[in-house]
Amino acid sequence: MSVILFRTLVIYAFLMLTMRFMGKRQLGELELSELITALLLSEVASLPITNQDIPLSHALLPILTLMALEVLLSGLILKLPFLKKLLGVRPAILIHRGKIDRDTLQSIRISTDELISQLRLKDVTDPGDVEYAILEPNGQISVILSSHARPATTKELGLSVKECGIMHLLVSDGQINDKNLQMAGKDRRWLEKYLKDKKTTLEDVFVLMADDGGRVQLHTRKKS
């Protein structure tokens with residue numbers, strides 16, 4: 001059991017390093033070549049764990065080879081666009097201006113019920129309100145509503161709204177995030193003054209956030 005545990009930990013750590021080197025996209029948005037690589041990696045990695053007669057090197061070497069092939073192929077696809085067309089999956093338009101494309105659904109083997117279900121997940125109940133529904137290469141469906149169905153923007157309403165950007169986590173459980181402070185346009189001197197004005201200490205801060213527009217949210221620990 002100790003040998004199996006050791007082999008599992010070694011291969012797990014090696015796979016983690018390999019996948020991190022291959023890049024984030026491989027972790028969440030698998031294309032055809034990436035899916036094949038992931039399947040092979042899982043198969044190769046599992047053999048030495050259960051069969052102690054197989055040396056660890058018989059798994060580590062193929063994992064390195066698969067990683068090298070995937071990185072090389074990704075680089076070639078960037079430099080040679082025709083490889084992207086040859087090996088990649090093109091987006092498929094499922095709905096065009098409110099009309100469901102039956103031929104496309106049949107060619108990619110998606111039923112109308114499945115399409116309607118995916119639209120509901122996007123808070124769309126009527127396909128007639130959809131300008132475009134596109135099946136992306138990563139398997140997700142992008143939905144673009146028609147102008148009459150989407151909410152009016154501030155630009156369309158002629159309103160001028162201050163951009164607030166995103167909320168930056170400045171302090172979490174009393175720990176200061178200097179990088180986020182800088183991104184929010186603030187520094188530790190501002191933080192000290194803010195906490196003093198709020199009559200609280202850094203140790204009492206559970207969460208402190210600020211957005212690019214200057215709004216600040218403070219959540220302190222509950223004192224017993």
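Which residues does Ala-133 touch, not counting those up to four places away in sequence? I looked this up in a predicted model. Ala-133 touches Ala-92, Ile-93, Leu-94, Ile-95, Ile-141 and Ser-142.

**Entry: the core.** I then looked up the largest nonpolar core. Ala-133 belongs to this core, which has twelve residues in all. I noted the other members as Ala-92, Leu-94, Ile-95, Leu-105, Ile-110, Leu-115, Leu-119, Val-124, Val-130, Leu-135 and Ile-141. Three elements give two or more residues each: strand 1 (92-96), helix 7 (112-121) and strand 3 (130-135). Another core lies apart from this one and has ten residues. Val-171, Tyr-194, Leu-195 and Leu-208 are among them.

**Entry: the sheet.** Next I traced the strand order. The sheet is open, with four strands in the order 2-1-3-4 and antiparallel pairing. Strand 2 (99-100) and strand 4 are at the edges and have a single partner strand each, so one side of each lacks a neighbour in the sheet.

**Entry: strands 3 and 4.** I followed strand 3 to its partner, strand 4 (residues 141-145). The two pair in the antiparallel sense over five bridges. Leu-135 stands opposite Ile-141 in strand 4. Both residues are in the largest nonpolar core. Strand 3 and strand 4 form a hairpin, with five residues between them. I checked the turn: Gly-139 has a positive phi of about 95°.

**Entry: strands 1 and 2.** Last, I looked at the other edge. Strand 1 and strand 2 pair over two bridges, in the antiparallel sense. Here His-96 stands opposite Lys-99 in strand 2.

How values were computed:
Residues numbered from 1 in each chain as written. Predicted model: local features only at pLDDT ≥ 70, side-chain atom pairs only at ≥ 80, totals over all residues. Heavy atoms only, no water. Core = buried A, V, L, I, M, F, W, Y, C linked by side-chain atoms within 4.5 Å. Buried < 20%, exposed > 50% of the residue type's maximum accessible area, 1.4 Å probe, protein only. Contact = heavy atoms within 4.5 Å. Pairing = 2+ DSSP bridges.
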